[in-house]
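User: I am new to reading protein models, and I would like to learn how to look at one feature at a time. Could you take me through this one slowly?

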Amino acid sequence: MLLTALARPAAAGIEDGVKAMQSGDMPAAEKALQNLAKERDPRAQFLLGFYVYGNPDSKLYDMNKAVPLLLDAAERGYTPAMIPLAGAYADGKGVPKSFPEAFKWLAIAQRWNAPNAEQLMGQMAQELKPEEIEQAKAAAAAYTFKTK
């Protein structure tokens, strides 16, 4: 009973945020998701980072706000955040441009069966030297997710 009561506010915040995004109300989505993101809920971090702050069509578009949320969620193993994080590194938006770092995140995502990761790795490989690919693959294989 207590566990159910504790889960309701998080579910409500996520649901409210998604509904607001679907209706195009990004300020309401931000408000609904912000507290959960501060508590490091990876779902809320992803939704804010990808759809609210990371979407160029959003009035709240700000990659300097988006990337830290995506990075924190990805570093703790939330696979949906890994692909857009890799894109941020590839484009140099919100982080320094780094094809090897982008490839590393795609390789981690691919290891955890994230959709499209393998295809994107193929595209990204065209931007890298063979030794950079090997270094990025080694970094991905050695990566351990943060637990805090």
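User: Let me begin with a single side chain: does glutamine 45 count as buried or exposed?

Analyst: Please keep in mind throughout that this is a predicted model. To place a residue, we look at its relative accessible area, and a residue is called buried when that value is under 20%. Glutamine 45, which is found in helix H3, counts as buried because its relative accessibility is 2%.

User: What is glutamine 45 in contact with, once its neighbours within four places in sequence are left aside?

Analyst: The list is Ala37, Arg40, Leu69, Asp72, Ala73 and Arg76. With one of these, arginine 76, the side chain of glutamine 45 also makes a polar contact of 2.6 Å.

User: How should I read charged side chains, and which residues are linked in a network of salt bridges?

Analyst: The general idea is that side chains of opposite charge can pair when their charged atoms come close. In this model the count comes to 5 salt bridges, and a network of them links Arg40, Asp72 and Arg76. Arginine 40 and aspartate 72 meet at 2.7 Å, N to O. Arginine 40 lies in the loop between H2 and helix H3, whereas aspartate 72 lies in helix H4 (residues 63–75), so this pair ties together parts that are 32 residues apart in sequence. Aspartate 72 also forms a salt bridge with arginine 76, at 3.3 Å, N to O.

User: Which members of that network are buried, and which are partly exposed?

Analyst: Aspartate 72 counts as buried, because its relative accessibility is 14%. Arginine 40, at 29%, counts as partly exposed, and arginine 76 is also partly exposed, at 24%.

User: How far apart in sequence are glutamate 101 and lysine 104, which both lie in helix H6?

Analyst: A helix has a regular turn, and the general rule is that an α-helix has 3.6 residues a turn, so residues three or four places apart point the same way. Glutamate 101 and lysine 104 are 3 residues apart in helix H6 (residues 99–111), which is about one turn of the helix, and their side chains meet in a salt bridge of 2.9 Å, N to O. Glutamate 101 is partly exposed, with a relative accessible area of 22%, while lysine 104, at 11%, counts as buried.

User: What about a charged residue without such a partner: how far from glutamate 30 is the nearest side chain of opposite charge?

Analyst: That side chain belongs to lysine 65, and it is 4.3 Å away. Because a salt bridge requires the nitrogen and the oxygen to be within 4 Å, glutamate 30 is left with no salt bridge, although it is buried. Setting aside neighbours within four places in sequence, glutamate 30 is in contact with Leu48, Val52, Tyr53, Leu60 and Lys65.

User: Glutamate 30 lies in helix H2, so how do I check the length of H2, and where is its kink centred?

Analyst: One can compare an expected span with the distance between the two ends. At 1.5 Å a residue, the 13 residues of H2 should span 18 Å, and the end C-alpha atoms are 17 Å apart, which agrees. The helix nevertheless has a kink of about 35°, centred on alanine 32. At the start of H2, a side-chain oxygen of aspartate 25 comes to within 3.1 Å of the backbone nitrogen of alanine 28. The buried residues of H2 are Met26, Ala29, Glu30, Leu33, Leu36 and Ala37.

User: What should I notice in the backbone after H2, and what is the phi of arginine 40?

Analyst: As background, most residues other than glycine have a negative phi. Arginine 40, which follows H2, has a positive phi, near 70°. Asparagine 113 likewise has a positive phi, of about 65°, although it is not a glycine. Asparagine 113 is found in the loop between H6 and H7 and counts as exposed, because its relative accessibility is 67%.

User: To finish, which residues does methionine 124 touch, not counting those up to four places away in sequence?

Analyst: Methionine 124, whose place is in helix H7 (residues 117–125), touches Ala90, Phe99, Ala102, Phe103 and Leu106. Methionine 124 is buried, because its relative accessible area is 12%.

Notes: Residues numbered from 1 in each chain as written. Predicted model: local features only at pLDDT ≥ 70, side-chain atom pairs only at ≥ 80, totals over all residues. Heavy atoms only, no water. Buried < 20%, exposed > 50% of the residue type's maximum accessible area, 1.4 Å probe, protein only. Lys, Arg positive; Asp, Glu negative; His and termini not counted. Contact = heavy atoms within 4.5 Å. Helix = DSSP H or I, 4+ residues; strand = E, 2+ residues; numbered from the N terminus. Expected span 1.5 Å × (residues − 1). Bend = angle between axes of the 7 residues up to and from the residue. Polar contact = N/O pair within 3.5 Å; in protein donor to acceptor, adjacent residues only side chain to side chain.
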